[in-house]
Each structure stands twice: as C-alpha cells, then as structure tokens.
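Got a minute to go through a model together? Have a look at it first, and then we'll talk it over.

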Amino acid sequence: MSDVLLDVRNLSRRFDVSKPWLNRKLEGLEKLYVKAVDDVSFTVNRGETFALVGESGSGKSTIAKLIVGLLKPTQGEIFFSGQSLARGLSGAEARRLRRRFQMIFQDPLASLNPRWRVTDIIAEPLRVFERSMDDRARRLRVGELLTLVGLSPEDGVKFPHQFSGGQRQRIAIARALAAKPEFIVCDEPTSALDVSVQAQILNLMKDLQKEFGLTYVFISHNLQVVRHMADHIGVLYLGRLAEVAPARDLFEAPRHPYTRMLLDAVPDIEMTGRRRKKVEGEIPSPLSPPPGCAFHPRCPFANDRCKTEVPRTLGGVACHAVEEGRLSDLVQP
Amino acid sequence: MTEPLLSVRGLTVEFPTRHGILTAVEDITLDIMPGEVLGMVGESGAGKSMTGNAIIGLIEPPGRIARGEILLKGQRIDNLPPDEMRAIRGRRIGMIFQDPLTSLNPLYRISDQLVETIRTHLPMSQEAARKRAIQLLDDVGIPDAARRIDDYPHQFSGGMRQRVVIALALCAEPDLVIADEPTTALDVSVQAQIIDVMKQLCADRGAAILLVTHDMGVIAETANRVAVMYAGRIAEIGPVREVIKDARHPYTAGLMGAIPRLGENLDRLQQIPGAMPRLSSIPQGCAFNPRCPKVFDRCRSHRPSLSQAEVGRQVACWLYDGVTEA
Ligand SMILES: Nc1ncnc2c1ncn2[C@@H]1O[C@H](COP(=O)(O)OP(=O)(O)OP(=O)(O)O)[C@@H](O)[C@H]1O
Ligand SMILES: Nc1ncnc2c1ncn2[C@@H]1O[C@H](COP(=O)(O)OP(=O)(O)OP(=O)(O)O)[C@@H](O)[C@H]1O
Ligand code: SF4
Ligand code: SF4
Ligand SMILES: [Mg+2]
Ligand SMILES: [Mg+2]
C-alpha cells in the first residue's frame, strides 16, 4: 500500500546573502546566510498528494526547487523511487530519472516562452526525452495533450499571450504531462487565478491523478485549497517542518501551536459568525531566527525550554509542549 | 435617510481600439453609505479595477468615461479638472493598490513618505505630522512603530509593507477608501490583521470602503454588501450574507459553488463551464448565457438589466424579472 515514491531526508539549503567581499572587509562584516530550508524530512507515497503550507518566506518554493533539481541542497538527500538524486548522478541516469518528474510554476505566463507557439512549448519535453519521436508523432501527441487539458489541437498555433490566465495554466499542465511523468511538483498553481478558473484547474489535476496515478507535491498558502487536494500535509515555519500529518487529522485535530494559529486565521466564508483570531506578531527575520523553537516569540505555550532548545520531531510534530503533554487536554477531538 | 457617501450612476468606460470600441465597464450604478464596506467580486477581467480607477479618475487614455456620473457626498467628481481631482485623491479618497512595493519609494524612509503625504494634505508642522505618522503605524498594527518608522521599505516584511500602504491611504482621513486586492499577496495570518484595521476605520470615522478582491472569504468577513461583476456589468448586488447564502444570479451561484471549503470533503469542485467572453465578443442578450445552466430563449436575445429582486437586492437576470417568472 504505502509505496514511497519520494523520500526527503534532512534536507537543508542556505543562501549566501553577504555583502560583496570588499564591503565586508571595509565594514568589518561577517558572512551572512539565510537558512531557507533547515533539516526537513518527509516522504510522499505513490499516487498521493503531499501539500506544503506555511507563511510567505517559510521555504516552500525552495523545497520545490530542490526536489526538481533547480537548486542543490546544502545538506541532506532526496530519494526518488529508492534512488538518490544526489550530486553524483551521471548524465544519462540523471536524465532518465528527471523525465519522470516535472514542475508547474506559480505564474504560467512567466514559465511559458512568449515567443514560442503553444505546440513548440508542449513539444519541448518530447524533444528532450523522446528523441526517437518523429515530427508527425510529436504533433499528434501535442494535439492529444491539448485535448486532455480541455483545449483544442487548433490552439497549438497560438502564442501564450492569446490565452486567459486559466488557459495558460492548462498549457503549463499539458507541457508538464508531455513526457509522461509520474510525479509533478506544483508551486501555487492556482494562486493567480480567480475561484471559477481555480475550480477548473483543481478538478483537472485530480482527474489526471486518478487516470495516470500521478503523485503531486502541492504548494499553496490557501488552506481551503490544500484541504481539497492533499492526502498528507507538511506545515513549514521558517524553513523547518512544524508538523506533518494526514490532511484530515491536521484539519480536525491540529497539534502544533503554529498549525492551530494558521487554521484559526482562515476566513469564515460560511458566515457562522466565528471570529477570526488575530494572529500575534510577525514572522521573524530568517537572517536571525529566534533561538530554540523559532516560533516561541509568537507561541502562547512557550516556556523557558522553548527559548533555548530546538524541539525534536516526534510523531510528526516538533513541539516541546506537545512532547511534554502540556497540550494534550486541548487536543481532545 | 442619510446621503450616500459615494454614488455611481450609469458609469460606462470605453476603450477605442482599431477594431472598434470596447466597453470595459457598462452601466454601473451603486451607492456606498458612510461607514459601509462594499465588496466587489468577479472573474478576472470583469471590470473591477476599472470601476475603482474610474472613481478616482485614473483611467488610462485612450480609455474614457463615456457615460454616467460619480458623486462624492453629493458633489460630482467625474468631470473635474485634473488638478482638482488630484487634490481629492489622497485627501478625500484614499487608494490601496495590490502591490505594496509599487506604492512605496524604496529610496525613502517610511517616515519621510508618511510625513510628506500628511503634510501635502493637512496643514501640520513637521513634528505634528511625524507624531501622527507614528500613531497611524501603530493603528495598522506595526509593533514598535516609533522605532521602526525610520526604516526603509525593504527592512519590512511583505505584510508590514502592505500595512504601511494602508497607513498611507488613511493618513489624510479620507471619506472613501478604494482597496484593490489589498490582501491577495498576504497569507491568511496577516490578512486577518489588515481586515481588522480596515473595519475599525469604518467604524471609527464613518469612512466608506470599496473592497475589490476575488477572495470571497475576505468579503464575507469584511463587507456589508457585495456587488458581483460579470463582463463589465453588475450581475447581482445585495447584503453579503444573503448573496453568499442564497445567491440569485446563476453566475453568483456558480462562483460560490467553486470555492473549496474547509468543512466539506468533496471529490470535485463545482465548476462553471467555459470562460468569460473577451470584451470584443460579448454575446448578445445576457452576457452569461453561453455558460448559464438556466438559460432560456429570452436570454439569448435580450439583455437583462439590474432590477429589484427584493428589498436591498438587485439581480440582472431574466429569472427574476416579474414578467417572465413562470
Ligand atoms: N536566491 C535566494 N537568495 C537569497 N535568499 C533567498 C533566495 N531564495 C529564497 N531566499 C530566501 O529563503 C526564504 C524562503 O524562500 P521561499 O521562496 O522558499 O519561500 P516561500 O515559502 O516559497 O514563500 P512565498 O509564499 O512568499 O512564495 C526567504 O526568506 C527568502 O527570502
Ligand atoms: N488599457 C486597456 N485597453 C483595453 N482594454 C483594457 C485596458 N485595460 C484593461 N482592459 C480590459 O478591461 C477589462 C476590465 O479590466 P479590469 O482590470 O477592470 O478587470 P478586473 O475585474 O480588475 O480583473 P482582475 O481580477 O484580473 O484584476 C478587461 O477585459 C481588460 O482586458
Ligand atoms: S516548542 Fe514551545 S514555542 Fe515551539 S511551538 Fe511548541 S510550545 Fe510553542
Ligand atoms: S438572464 Fe438567462 S442566461 Fe442570464 S443568468 Fe439569467 S437565466 Fe442565465
Ligand atoms: Mg514561493
Ligand atoms: Mg483588477
């Protein structure tokens, strides 16, 4: 049953944001790093959707880019069906693995080459990965893909700017599917779209998942969307995973104080009169994250231990209060 | 009865192009009362921003207001000379645009920008203006405002910058605030704070807000009434609670059904088939007719206008026109 497709182990990535060497010398400054991703581990089962949520700057896009190989990890490893995607992979091997996964970006227009016709955009992965395919077969395949995402083969001759936002995202999905991947990383695929177009795209993604057994890593800051799509959810805070849980559990009985805060802040569309809780404090600067549990300046349950000791991840939750059983009475389902 | 703070009558905005005249906004009529928040929702390209821009006199040429009137506290403002309009913008009408960075100059300290704006609009000394600026930052929830006021914009997080923009829009105590997607770029936790600040403003000062967003959750929490736009026209307008719980116009119903909700576990979201028409090819009759599940003959030939469905609720749909109700 739980057949692990993606295994992310102790993944870290930092960025050098120091001033240039000369300035540092003149002003006597140290090198400065942002820990965008810090010791993150999770697994994704084949055919499932794993969602990453968290505030702006919490490291979601960085993890996405690490998985698809657009960034190299500073530390840690990523295994894809048991094989390490570490630096040492040979060219041919890497290519064989890489064709099995794809990425969909937040802004479809920015990720589609504006000077290419839609046919050429969608055919590009075929040129890279299916070198033996002739022109005719490739055209046919592009036509099939366009139909699959609810466009028509005739749309292939158009340019991206001639489509609406939702249609462009469909083109990006068609391109992602061209090389028959098993696994797609979707970074905020519908954030730029209005709700009716969003519904079309989310339904399409679910249909494709069912039909082809696709596995998704799905990034969004919209919790309603995540609730709709995900089987498992990872909650990120300042580059670290606060909590990982099955989607249902996370929404019905959130355990980590940060997860609770996020859920309390969701707008009340049912108009039940529930007061949205005001969220205290700001996400701290990633340049100088608070010591101990990075959430402690905003956490109503913080104690002295939280201010010095980084909480370990136990049973999917990284929190001293949960570990100490201080929150158990509040978690009664 | 109190007089509406803002009154828009038959507003129509056109863009002449090589292929003829495009109508981006057509025959919009709405009132906003003092202390009221009017939400505006609708698909991308429906004309929401254009309506806001027309009210503040910022339609980019060759676009122009072709018909209609805009009244602020009973005074017409759509036909004012540019310098008089400039004096109204910022002073009597505050604006919040979506991207906080475009409204803040990265080279100036937050304090300089606030103080300058305050002094442009209000007769105040440097010190008094600075005091007021700190108070405003405090109001919008910037912690430690007195110390942070001399920071540069890049030293603030995205959510903090957006709050500075809100402070800027409020600094001359405007009567009306036009907020175009003020919280879209923010995550839920910051969103909640901003919404509180805006509601407070209405309650404290009797200001009115036109809140443009495609986030129904934000509308549900913030607005008193909501206008649903489709293809440049108002499809439905009424009290938020009623429109959300009991949508009349088939487009509104589709929009509400398309929203994923925390409380339910549906396999598929309801979707509206097709896409909104381009301005150059708006269908005859009701603009929504090719996508409408309830379409009937009359919809294809005659355009429904906004009419009273019940007290306080107006719908532009033949289903609610007394004559055709079966
Ligand atoms: N190339 C880079 N150089 C320096 N810092 C970076 C770089 N890329 C990301 N960061 C920093 O790493 C942190 C995580 O960024 P990331 O883009 O992963 O966040 P995110 O969770 O995707 O946020 P958002 O919701 O705003 O997209 C941020 O503090 C960001 O400023
Ligand atoms: N300069 C222009 N020339 C011609 N048409 C324009 C121009 N600017 C906007 N439009 C058109 O006017 C219509 C209304 O645009 P508007 O920006 O008001 O949409 P909106 O409802 O705010 O959408 P969004 O949710 O995407 O912001 C759109 O169809 C748009 O393409
Ligand atoms: S470890 Fe401490 S500060 Fe961190 S979330 Fe748990 S209780 Fe709060
Ligand atoms: S007028 Fe007709 S087509 Fe238009 S929304 Fe009403 S029922 Fe549908
Ligand atoms: Mg991101
Ligand atoms: Mg707009």
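What follows is a short chat about ligand sites, helix pairs and a few backbone details in this predicted model.

Reader: Let's start with ligand 4: which cavity does it sit in?
Author: To count as sitting in a cavity, a molecule needs more than half of its atoms within 2 Å of the cavity's grid points. Ligand 4 passes that test, and its home is the largest cavity.

Reader: And how many nonpolar residues does the shell around ligand 4 have?
Author: The surroundings include Cys286(B), Cys292(B), Cys299(B) and Cys317(B), along with others such as Phe288(B), Trp318(B) and Leu319(B). Cys, Phe, Trp and Leu count as nonpolar here. Set against two polar residues and one charged, the nonpolar count is nine.

Reader: Which cavity holds ligand 3?
Author: This one is surrounded by 13 residues, with Cys293(A), Cys299(A), Cys306(A), Cys319(A) and His320(A) the closest. As for its place, ligand 3 sits in the second largest cavity.

Reader: How many charged residues are in the shell around ligand 3?
Author: Only Asp, Glu, Lys and Arg would count as charged. The shell is made up of ten nonpolar and three polar residues, and its charged count is no residues.

Reader: Over to chain B: are α4(B) and α5(B) roughly parallel or roughly perpendicular?
Author: Helix α4 (residues 110–121) and helix α5 (residues 126–139) of chain B have axes 9 Å apart and pack at about 115°. Angles of 65 to 115 degrees belong to one class, so α4(B) and α5(B) come out as roughly perpendicular.

Reader: Is the crossing of α4(B) and α5(B) left-handed or right-handed?
Author: Handedness depends on which way the near helix is turned from the far one, and clockwise gives a right-handed crossing. For α4(B) and α5(B), the crossing is right-handed.

Reader: In chain A, at what angle do helix α5 and helix α6 pack?
Author: The pair is α5 (residues 118–129) and α6 (residues 135–148) of chain A, packing at about 115° with axes 10 Å apart. That makes the two roughly perpendicular. Their crossing is right-handed, and the packing angle is about 115°.

Reader: Which peptide bond is cis, with omega near 10°?
Author: Look in chain B, in the loop between α1 (48–55) and β4 (64–72), where Pro62(B) is found. The cis bond leads into that residue, running from Pro61(B) to Pro62(B).

Reader: What is phi of Ser81(A)?
Author: Ser81(A) is in the loop between β4 (75–80) and β5 (83–84) of chain A. Its phi is positive although the residue isn't glycine, with a value near 30°.

Notes
Residues are numbered from 1 along each chain as its sequence is written. Chains are lettered from A and ligands numbered from 1 in the order in which they are written. This is a predicted model: local features need pLDDT of at least 70, side-chain atom pairs count only at pLDDT 80 or more; totals for chains, interfaces and linings use all residues. Side-chain values use heavy atoms; hydrogens and water are left out. A residue is near a molecule or strand if one of its heavy atoms lies within 4 Å of it. On a 1 Å grid over the protein atoms alone, a cavity is a set of points where a 1.4 Å probe fits but cannot get out, and a pocket is an open set with protein on both sides within 12 Å along at least five of seven lines; lining residues have an atom within 4 Å of a point. Axes are lines fitted to C-alpha atoms, for helices over the stretch in contact, and angles run from 0 to 180 degrees between N-to-C directions. Helices (H or I, at least four residues) and strands (E, at least two) are DSSP runs, numbered from the N terminus. Angles under 35 degrees count as roughly parallel, over 145 as roughly antiparallel, 65 to 115 as roughly perpendicular and the rest as oblique.
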